[in-house]
Amino acid sequence: MHRLVSIQTGGSSSTTITTQTLTLTAIFMLALSYANGFATLPTELDRHQRCQLERTYKMIGYNCANLNLKEIPQTLKSNLEIFDLSFNRIRDLNVQSFARYGEVKYLYLFENMIQNIDEDTFSALTNLEAIDLSYNALKSIPLELFQLPVLRNLYVSQNALYELESSLANLQKPIKAPLQVLGLADCRLQRLPNFGVLPDLSLLNISSNPMKELTLAQFSPMCNLKTVDLNNTQIPICPCQVLTAELVLRRTKIMYPPLYCIPLTSSEQNLCNAEAGREIDAEQVADFHQCMEIRNSRLLDTEAKSTWMKISAAVGGCIVLFATILFCFHRRNARKLKAKRNPKKVPLRNNNRVIVPQSGGQEGAASEHAKCDKLLSECD
């Protein structure tokens, strides 16, 4: 009996020690997790989270950010226009991912784990105006994005795009997307990708890239470039000096260029110009001229449309004025015609005169005249 009690007591003490050890271990791991910024409360893990329906600038949108999603939700309203899927764990995208969301205009997929994107995944998004694929594990850019008719902003920063240059060999040029903003920061690029003629591009971010080859000729297809971000970009000294000088002459703003990109002396600048002048070929010059022709043709189209709008407005105003004049003449003629058909009755001036119908015979007439004279005298 005593032996059984002692066994039970020993088992209880060992259980207590084990429980205390596990508790201390859990507290230590929780504290370590908080120190590293990875701690999540149990209530947050158990909480049922869903995409939140939001309205921004009269557009329907869903906020699905930071929900630990591994695939694209397929139970949302199909007419959404803003789709935020950032800070999730999505790895793969296929044709069915956005098949029912053809009205999306702004798509945010940054801070995921996207590695594979099947062909034609984004082809159905013909209304897409901006997409952010930054901070993923992409090796190239889906080529169908360059064929979307209204895509203006494309962000693919913080992706190791080692296969981009080879995949661009299959790119259909000129592209259909009217790109205005292109973000290629920290994409391990050694030279500027050749996307063809980009007449609408105004902002280019190629910061934090090890550019071993970057020349002015590579900017020839970008005749409307307004801003270039070269922050922390590794560029050889001489090409960088020529590039910055020429872009400034084109009225392009260069953001945060390296200090060695500014030539110190005129002799250094002339030497670099002579070296860079040999690298420009006829094909690259032709790209610049093609870009300018596209822009000039668009300006002429815009002016022609404006002129036709003014002419149409003038003709429309003349037609309205003429119709108004005709209506006024019609109203006046209608009033005259109505007055002729319905003349006004003229009132009698001598109200004291009594008209008596004539009867047969002179004697009757004389007697009637006498009566009338008598009546008139009585009235006086």
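## A cysteine-led tour of a predicted model

Start by selecting Cys 240 and Cys 261: the torsion about their S-S bond is about 85 degrees, so this disulfide is right-handed. Keep in mind as you click around that what you have open is a predicted model. The two sulfurs sit 1.6 Å apart here. Now colour the surroundings by secondary structure. Cys 240 is part of helix α4 (residues 237-249), while Cys 261 is in the loop between β12 (253-255) and α5 (266-277), so the bond ties together parts 21 residues apart in sequence. Buried or exposed, these two cysteines? Both Cys 240 and Cys 261 are buried.

**Zoom out for a moment**

Show the whole chain as a cartoon. You should find seven helices and twelve strands. The protein has 380 residues, and 31% of them are buried. Switch on a surface and you are looking at about 25700 Å² of accessible area, with 57% of that belonging to carbon and sulfur atoms. As for how the chain folds back on itself, take the contacts between residues at least 6 apart in sequence: 50% of those join residues at least 24 apart.

**Back to the sulfurs**

How many disulfides does the structure hold? Three, and a disulfide is a covalent bond between the sulfur atoms of two cysteines.

Next, select Cys 51 and Cys 64, which are joined with an S to S distance of 2.1 Å. Cys 51 is in the loop between α2 (42-46) and β1 (52-56), and Cys 64 is in the loop between β2 (59-63) and β3 (82-84); the two are 13 residues apart. Look along the S-S bond: its torsion is about 125 degrees, so this link of Cys 51 and Cys 64 is right-handed. Both Cys 51 and Cys 64 are buried.

Then jump to Cys 223 and Cys 291, another disulfide, at 2.0 Å from S to S. Cys 223 is in the loop between β10 (203-205) and β11 (227-229), and Cys 291 belongs to helix α6 (residues 282-341), so the pair connects parts 68 residues apart in sequence. Which hand does the link of Cys 223 and Cys 291 have? With -75 degrees about the S-S bond, it is left-handed. Cys 223 and Cys 291 are both buried.

Two more cysteines deserve a click. Cys 187 is buried, at 0% relative accessible area. Cys 328 counts as partly exposed, because its relative accessibility is 45% and that class runs between 20% and 50%.

**Into the core**

Hide the cartoon and show side chains for Phe 83, Phe 98, Leu 107 and Leu 184. These touch the most other members of the largest nonpolar core, which has 62 residues. The element giving the most to this core is α4, with three residues.

Stay on Phe 83 and ask your viewer for its contacts. Leaving aside residues up to four places away in sequence, its partners include Tyr 62, Ile 72, Pro 73, Leu 76, Phe 98 and Leu 107. Cys 64 is also on the list of residues touched by Phe 83, and you have already met Cys 64 as the partner of Cys 51.

**Last stop: residues 308-329**

Select this stretch as a block. UniProt, in an unreviewed entry, lists residues 308-329 as "transmembrane region". In the model, the span is 100% helix and 0% strand, and its end C-alpha atoms lie 32 Å apart.

Definitions and conventions:
Residues are numbered from 1 along each chain as its sequence is written. This is a predicted model: local features need pLDDT of at least 70, side-chain atom pairs count only at pLDDT 80 or more; totals for chains, interfaces and linings use all residues. Side-chain values use heavy atoms; hydrogens and water are left out. A disulfide is a pair of cysteine sulfur atoms within 2.5 Å. Helices (H or I, at least four residues) and strands (E, at least two) are DSSP runs, numbered from the N terminus. Buried means under 20% relative accessible area, exposed over 50%, partly exposed in between (1.4 Å probe, protein chains only). A nonpolar core is a set of buried Ala, Val, Leu, Ile, Met, Phe, Trp, Tyr and Cys residues joined through side-chain atoms within 4.5 Å. Contact means heavy atoms within 4.5 Å. UniProt positions are given in the numbering used here, feature names are shortened, and annotations may be inferred rather than shown by experiment. Accessible areas come from the Shrake-Rupley method with a 1.4 Å probe; for residues, only the protein chains shown count as cover.
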